[in-house]
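Here's a walk through a two-chain model, written for someone who'd rather be at the bench. Have a look at the picture, then read on.

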Amino acid sequence: MAIVMQDIKKQYAGTSAPVMEHFDLTIEEGSFTVLLGPSGCGKTTALRMIAGLEEVTGGRIFIDENDVTDVDPGERNIAMVFQNYAIYPHMTVRGNIEFGLKNYQIDKEEINERVNYVLDMTGLSEYADRKPSQLSGGQRQRVALARAISKSPKAFLMDEPLSNLDAKLRIQMRTDMIQLYNRLKCTFIYVTHDQTEAMTMGTDIVVLYKGMIQQHGTPQEVYNNPSNLFVAQFIGDPGMNALRLSDGGYVGFQPRLAQFGKSENGLNLQGTVLTNEFMGHDCMITVDIGCGSIVMRRRETRKVGEQVSLFIPQENLFYFDADQNRTGTVQTGEVVSVFHVDD
Amino acid sequence: MSTIDQIDFRTFRKLELKQHGRAYKILNGALKNPYVLIAPAVIIALGTTVFALIFCIAMSFMKWDLIRGTIEFVGFYNYKYIFTDTLFLTSLRNTIVFMVVAVFIGLALKVVVGVFLNKNKPGHNLVQTIMFTPYIIATVAIATIFRYMMQPTSGVFNLILSTLGLPTSDWYLGAQTALMSLAFITIWQGMGYGVLIVVSGLRSIPDYVYEAARLDKSSKPNTFFRITVPLLSPTLFYLLVTSSVAAFTTFDIVAMMTDGGPGTSTYMLAYYVYMQGIRFMHYGRAMAASVVLLLITASLSVANFALAGKKVHYQ
């Protein structure tokens, strides 16, 4: 089911400026769309408006071509998983799942059937009669998921559902979430600030910054073909290095594509190694190039304090104009400084 | 686990006392024993409560004549006396009626007003502050005010009622209405405090639970009874225990306003104890009545806690 946000405006009462204006977004039916951006970019607001928990100041929202702008959250045929799980603390696991189903006046037998099915699916069968306080964080998250699945909604809305879990569990839940998506084959809208989550799970990524969509594309498109400097620096682990040039433009390159040595055909830099972080498969090396520091990811290492020459092949350079938008034209100015979008 | 739980207090003490070798040795020895640390509090608590309790129970089996200065063991005589004393039985009945009305109607009103005031709207805090004022006014003052206001012929209550064309009441001066008038004042007096507690309880229920309920298509009454009330239950339970004990031991408003009258219509247990002990000098009977009062309030609390185990949801 397609979800369309049309010319959305959102302004909180008592504030002078809207957090979002002329916001248009179409989420394809059956996609796993990730709304990605730093905190305060409007991604959660967008999700909450789709859910109906947040009113829109202007514009319309459509789910399956029905205008749901003024429809109650419970009538939108969606389910939501919250960052802090939002399970009812006084109900058992079973009670948590049943609560919504009872409100939809589904008959008892079917409720039982559905509850048992989702409990089995999420591996919670043996915890059915426990209270949330007797469960671990990961299990609580499963309860929230089970509750959402039980409603067999047309779309799942997820607001940073993994961010309260520890690193190991998060990676495992990531895999589980992808499997769940493959199994349910319905629309997932997933909010996160973690670009790794976005890249690994999403079929579509919507990069948001300051209430505006910076880019909407597949993970490959967003990574390999960023439309502006913000996207280039936000996506990737770490994101692109960017250098401000004397002609006002910028040149960017991915940390993995910078090499040690010199080359005729490419951008040559010189500097001192500041830090060398061993990451397992490779190393993250910070190099001070005089006007700031850049990051490289290489398998070969260099000692801290060592003088190094490095180059980036011409075909791996990305150019941006003075407005930080991607441009095909090669910028030729001298390197003035190292640049970070959020500076 | 909070950070405070993780502090190792032994290390803490060692750090502070390291420079003073001898003091450290002596203090560390004593401080290793937790009982030494709680001793001052325990001594005061035992002296003021346990001793008084034992004294009270012991004296309830005695006939204590202050004028002759004799104390005589009389077994269960005092208990037999009070349980055949119609005044005691009336007091018991009055107390129970008073408690049920003051506690349950009071609690329901506190929740209703609390829910109403639990919105961050201008004026709500002011209303709450005004409502809280009676709680910090001495009962003597409140009783005096209400004696004027509830005066059947010249009081403002009847003035308002008659202006509105409604039937008037004898309030605290009528045998049928006196007990309920006292309950009314008690509810009014405890309202602000109760509402404050209810509002803080309501504010501790996280918003996301309500959002989840909205997504679960829960109607407002359903959300109130199945989400709000259960999550508010620790707060309600606290109010239930404290206000029922307070209601059962009500004394000052009776002494101030009605002296147990008209007739014996507002005689309550605590007032009975006072009259027997202080006015009539029947210490034994007063102590026996106190013990009964204590047993009732204690079993009330125990019953409350037993109920709480099933119905109160601590998060």
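## A buried tyrosine and its surroundings

Tyr319(A) counts as buried, at 9% relative accessibility (buried means under 20% relative accessible area, exposed over 50%, and partly exposed in between, with a 1.4 Å probe and protein chains only). Before going further: this is a predicted model, where local features need pLDDT of at least 70, side-chain atom pairs count only at pLDDT 80 or more, and totals for chains, interfaces and linings use all residues. Residues are numbered from 1 along each chain as its sequence is written, chains are lettered from A and ligands numbered from 1 in the order in which they are written, and side-chain values use heavy atoms, with hydrogens and water left out.

Back to the tyrosine. You'll find Tyr319(A) in strand 18 (residues 318-320) of chain A; helices (H or I, at least four residues) and strands (E, at least two) are DSSP runs, numbered from the N terminus. Setting aside neighbours within four places in sequence, Tyr319(A) has contacts that include Tyr250(A), Val251(A), Arg326(A) and Gln331(A), a contact being heavy atoms within 4.5 Å. Tyr319(A) and Leu229(A) sit 90 residues apart in sequence, and their C-alpha atoms are 8.9 Å apart in space.

For a counterpart in the other chain, try Val115(B), which belongs to helix 6 (residues 86-117) of chain B. Val115(B) is partly exposed, with a relative accessible area of 32%. Once neighbours within four places in sequence are left aside, Val115(B) touches Leu202(B) and Phe224(B). Val115(B) and Ala247(B) are 132 residues apart along the chain, with 24 Å between their C-alpha atoms.

## The two chains

Here are some whole-chain values.

| Chain | Helices and strands | C-alpha box along principal axes | Buried residues |
|---|---|---|---|
| Chain A | 8 helices, 20 strands | about 75 × 45 × 35 Å | 52% of 343 residues |
| Chain B | 15 helices, 2 strands | roughly 75 × 70 × 35 Å | 40% of 315 residues |

Chain B has a radius of gyration of 26 Å, while a compact globule of 315 residues would come in near 20 Å. That radius is taken over C-alpha atoms, and the globule rule is 2.2 Å times the number of residues to the power 0.38.

Now for the contacts with a separation of 6 or more. In chain A, residues 24 or more positions apart account for 64% of them, and in chain B the share is 66%.

On the surface side, chain A has about 15500 Å² accessible, and 45% of that belongs to carbon and sulfur atoms. Chain B exposes about 18300 Å², with carbon and sulfur atoms supplying 69%. These accessible areas come from the Shrake-Rupley method with a 1.4 Å probe; for residues, only the protein chains shown count as cover.

What about charge? Chain A carries 32 positive and 43 negative side chains, and the centres of the two sets lie 7 Å apart. Chain B has 24 positive and 12 negative ones, with 6 Å between the centres of the sets. Lys and Arg count as positive and Asp and Glu as negative, while His and the chain ends are not counted. Each charge is placed at NZ of Lys, CZ of Arg, CG of Asp or CD of Glu.

## Where the chains meet

How many residues does each chain bring to the contact? Chain B brings 17 residues and chain A brings 24. About 2000 Å² is buried between chain B and chain A, with carbon and sulfur atoms giving 60% of it. Leu215(B), Asp216(B) and Lys217(B) supply 37% of the area that chain B buries against chain A, more than any other three residues. Buried area here is the accessible area (1.4 Å probe) that two parts lose on being put together, summed over both.

## Backbone oddities

Most residues other than glycine have a negative phi, and most peptide bonds are trans. Lys217(B), from that interface trio, has a positive phi of about 60 degrees although it is not a glycine. Lys217(B) lies in the loop between helix 11 (207-215) and helix 12 (220-248) of chain B, and is partly exposed, with a relative accessible area of 32%.

His22(A) also has a positive phi, near 50 degrees. His22(A) is part of strand 2 (residues 20-27) of chain A and counts as exposed at 60% relative accessibility.

Finally, the peptide bond from Asp237(A) to Pro238(A) is cis, with omega near -5 degrees. Pro238(A) has its place in the loop between helix 8 (229-234) and strand 11 (241-245) of chain A.
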